[in-house]
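Q: Please choose one part of this model and take me through it closely. After that, I'd like to see some other parts in the same detail.

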Amino acid sequence: MQIDGLTKSFGDLVLLENVSLGISEGDRVGLIARNGSGKTTLLNIIMGIEDHDSGSITFRNDLQTGYLSQDPQFAPGITVGGVCGESAEMVRILTQLKITDLNQPVEQLSGGQRKRLALAKVLSDHPQFLILDEPTNHLDLEMVEWLEGYLGRGNSTLLMVTHDRYFLDRVCNRIVEMADRTLYTYKGNYAYYLEKRQERINAQNVLVERANNLLRTELDWMRRQPQARGHKSRSRIEAFYELEQRAKQRHEQQALRLQMKSTYIGNKIFEAHHVSKSFPPRSETDRERIILNDYNYVFARYEKMGIVGPNGTGKSTFLKMLLGQIAPDQGRFDIGETVRFGYYSQEGLQFDDSKKVIDIVRDIAEYVQMSDGSRLSATQFLQQFLFSPEKQYSYVYKLSGGEKRRLYLCTILMRSPNFLILDEPTNDLDIVTLNVLEEYLQNFGGCVIVVSHDRYFMDKVVDHLLVFKGQGELQDYPGNYSDWREWKRLKDEEAAEASAPKVTTPTTANEKPRTEKAPKLTFKEKMELAALEEDLPRLENEKQQLEAEMSSGTLSGQELVEKGQRMQAIIDEIDTKEMRWLELSEKQ
């Protein structure tokens with residue numbers, strides 16, 4: 001696929017301006033950006049669902065494309081089996097995705113089940129080009145890892161939007177970031193993108209700082225020369241306004257400063273005493289669903305618990321029982337007197353779409369108390385959550401799904417809770433917001449329970465796991481998700497080895513064990529590797545020298561532009577040579 005000169009705007013809001021992007025066979029592209037930047041819009045434009053202002057999109061002839069939308073739609077009255085048709089492959093994938101009743105009408109499925117049904121349909125068609133919008137949303141951890149492996153083994157070309165950073169790291173070989181109305185491409189996985197993106201921002205910030213210094217000089221000249229504006233200095237005045245635009249650029253991501261004050265929390269948080277809960281069978285072929293069976297637990301002060309497990313094992317039910325929204329069949333939860341819950345639920349987005357964003361916050365409080373004793377107005381508080389003044393006075397119905405999630409999070413935290421219960425908080429949040437929310441939770445002066453399928457998020461936030469295995473079986477594991485996953489893998493291997501039959505093969509006394517020989521470098525490749533090991537340090541030195549020159553403040557505007565262009569060329573060359581060096585080093 002080739003995109004050339006694409007521009008898309010909604011009134012005065014320009015999402016993309018004259019952008020180009022090429023995707024070749026075998027590319028696995030992850031598209032990332034802040035919420036509201038237009039990721040879904042770009043996918044819809046590619047699929048012909050939305051129009052664009054200018055530019056062209058060209059596909060290879062006879063290309064079979066599969067598209068998973070964020071909100072899949074199905075024909076009225078159709079059943080799960082009707083969507084499947086006669087595809088045995090689709091039924092197999094559906095089983096992997098925990099949908100087994102082929103006679104169930106699609107209207108009866110939850111939003112998450114409809115998303116999984118659409119995913120199964122797209123995968124079963126085996127398209128050459130897969131376009132996926134948030135494929136991991138509504139998948140539990142087991143299913144996310146299954147999809148990760150499925151896409152990793154396949155040979156489809158991928159373009160996908162996802163905020164699952166481990167998924168991006170393990171599946172993608174290119175990252176495309178939407179920012180500043182354009183697209184930035186990085187040839188590598190998510191970890192590589194983070195490193196190279198920072199280099200780009202550092203280089204651009206040098207230019208912006210230089211532009212700010214020049215702007216101060218030009219501004220002084222503009223104020224002192226009112227008579228010169230009408231004739232011979234017109235070009236310099238126009239250059240001033242161009243310079244002003246450059247100085248206004250913000251290449252550093254704005255940080256969400258989530259420093260809301262949390263109320264005091266005592267030593268007693270909650271205690272579970274012999275709690276049991278189950279649901280009766282939903283059909284003759286179904287069985288009783290046990291959530292908890294004589295569960296006992298004493299929750300500690302400042303504890304940060306992660307809850308994981310397959311869908312349907314009762315994770316959300318457990319949270320609602322703790323909050324008193326669902327009563328246990330037996331036993332009780334004792335909640336400490338000082339506990340003040342803040343509950344972020346999956347179903348919590350119940351805003352009045354006809355209201356403005358600022359009014360949603362003002363309905364809760366005109367001012368928000370911060371941890372340092374200061375107070376922020378509703379407007380200042382929303383700016384901390386990346387809602388610009390224009391967004392604040394926009395209507396809720398105009399927000400993207402991720403922006404609504406961010407607003408919902410804002411309304412939870414501004415009430416100063418001391419015990420946060422977060423049910424799938426990572427769905428639809430962009431990576432910038434996730435990073436800051438993670439940092440906030442790490443430093444949160446209270447208790448946290450979080451249910452999430454985002455493994456990266458869980459690894460950074462929680463200090464132990466409660467694993468729901470189904471039918472009332474729970475495991476409390478001291479560690480984060482990756483710790484538990486590695487422990488489980490080792491246990492599974494031990495169990496497999498213990499149950500495997502012992503097979504011995506006779507060998508002769510002189511027989512030596514065979515070993516597979518690794519491929520060796522050719523003479524030409526050895527020479528290429530040696531040249532790369534000389535070139536890379538030289539390029540790094542030149543890059544450092546350019547950085548010093550560009551930040552010295554002694555260069556003219558033209559020299560600064562030339563140095564900036566050379567800097568970008570060097571960064572691109574280092575990227576290419578590093579990738580080739582890695583390939584040759586691994587082969588060696």
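A: Happy to, and one cut-off comes first: a residue counts as buried when its relative accessible area is under 20%. Please also keep in mind that this is a predicted model.

Let's look closely at strand S17, residues 419–423. Five of its five residues are buried, so by that cut-off each has a relative accessible area under 20%. In a regular strand, side chains alternate between the two faces of the sheet. In S17, Phe-419, Ile-421 and Asp-423 belong to one side, while Leu-420 and Leu-422 belong to the other. Both faces of S17 are covered, since the residues on either side are buried.

Now for the partners of S17. Strand S14, residues 341–344, runs parallel to S17 and is joined to it by four bridges. One place to find this pairing is Tyr-344, whose bridge partner in S17 is Leu-422. S17 also pairs with strand S18, residues 447–451, again in the parallel sense, this time over five bridges. Here Ile-421 is the residue to look for, as it stands opposite Ile-449 in S18. Both Leu-422 and Ile-421 are buried, on opposite sides of S17.

To put the strand in its setting, the protein contains 18 helices and 20 strands. Of its 588 residues, 46% are buried. Taking contacts between residues at least 6 apart in sequence, 69% join residues at least 24 apart.

For antiparallel pairing, turn to the N-terminal part of the numbering. An open sheet of three strands there has the order S2-S1-S4, and its pairing is antiparallel. Strand S2 (13–22) and strand S4 (54–58) each have a single partner strand, so each has one side left without a neighbour in the sheet. From one strand to the next, the twist averages 25°. Strand S1, residues 2–10, pairs with S4 over four bridges. Within that pairing, Gln-2 has Thr-58 in S4 as its bridge partner. A helix belongs in this picture too: H1, residues 39–46, lies across S1, S2 and S4, and runs at about 125° to S1.

A second open sheet of three strands follows the order S11-S10-S13, also with antiparallel pairing. Its edges are strand S11 (289–299) and strand S13 (330–335), each pairing on one side only. The twist in this sheet averages 20° from one strand to the next. Strand S10, residues 270–279, is joined to S11 by seven bridges. To find one of the paired positions, start from Ala-272, whose bridge partner in S11 is Tyr-297.

Helix packing offers another view. Helix H3 (residues 88–96) packs against helix H4 (residues 111–124) at an angle of about 140°, with 9 Å between their axes. That makes the two helices oblique to each other, and the crossing is right-handed. On the H3 side, the residues that meet H4 are Glu-89, Met-90, Ile-93 and Leu-94. H4 answers with Leu-117, Ala-120, Lys-121, Leu-123 and Ser-124.

Finally, two buried polar residues are worth a visit at the level of individual side chains. Thr-313 sits in the loop between strand S12 (304–308) and helix H9 (315–322). With a relative accessibility of 8%, Thr-313 is buried. Its side chain reaches the backbone oxygen of Pro-310 at 2.7 Å. Beyond its neighbours within four places in sequence, Thr-313 is in contact with Ile-291, Phe-468, Lys-469 and Gly-470. Of these, Ile-291 falls within the residue range of S11, the edge strand described above.

Gln-475 is found in strand S20, residues 473–477. Its relative accessible area is 13%, so Gln-475 is buried as well. The side chain of Gln-475 makes a polar contact with the side chain of Trp-484, at 3.4 Å. Setting aside residues up to four places away in sequence, Gln-475 touches Leu-465, Leu-466, Val-467, Lys-469, Trp-484 and Trp-487. Lys-469 therefore links the two descriptions, being within the 4.5 Å contact limit of both Gln-475 and Thr-313.

Conventions
Residues are numbered from 1 along each chain as its sequence is written. This is a predicted model: local features need pLDDT of at least 70, side-chain atom pairs count only at pLDDT 80 or more; totals for chains, interfaces and linings use all residues. Side-chain values use heavy atoms; hydrogens and water are left out. Two strands pair if DSSP finds at least two bridges between them. Axes are lines fitted to C-alpha atoms, for helices over the stretch in contact, and angles run from 0 to 180 degrees between N-to-C directions. Buried means under 20% relative accessible area, exposed over 50%, partly exposed in between (1.4 Å probe, protein chains only). A polar contact is a pair of N or O atoms within 3.5 Å; within protein, one must be able to donate a hydrogen and the other to accept it, and residues adjacent in sequence count only if both atoms are side-chain atoms. Angles under 35 degrees count as roughly parallel, over 145 as roughly antiparallel, 65 to 115 as roughly perpendicular and the rest as oblique. A crossing is left-handed if the near helix is turned anticlockwise from the far one by less than a right angle, and right-handed if clockwise.
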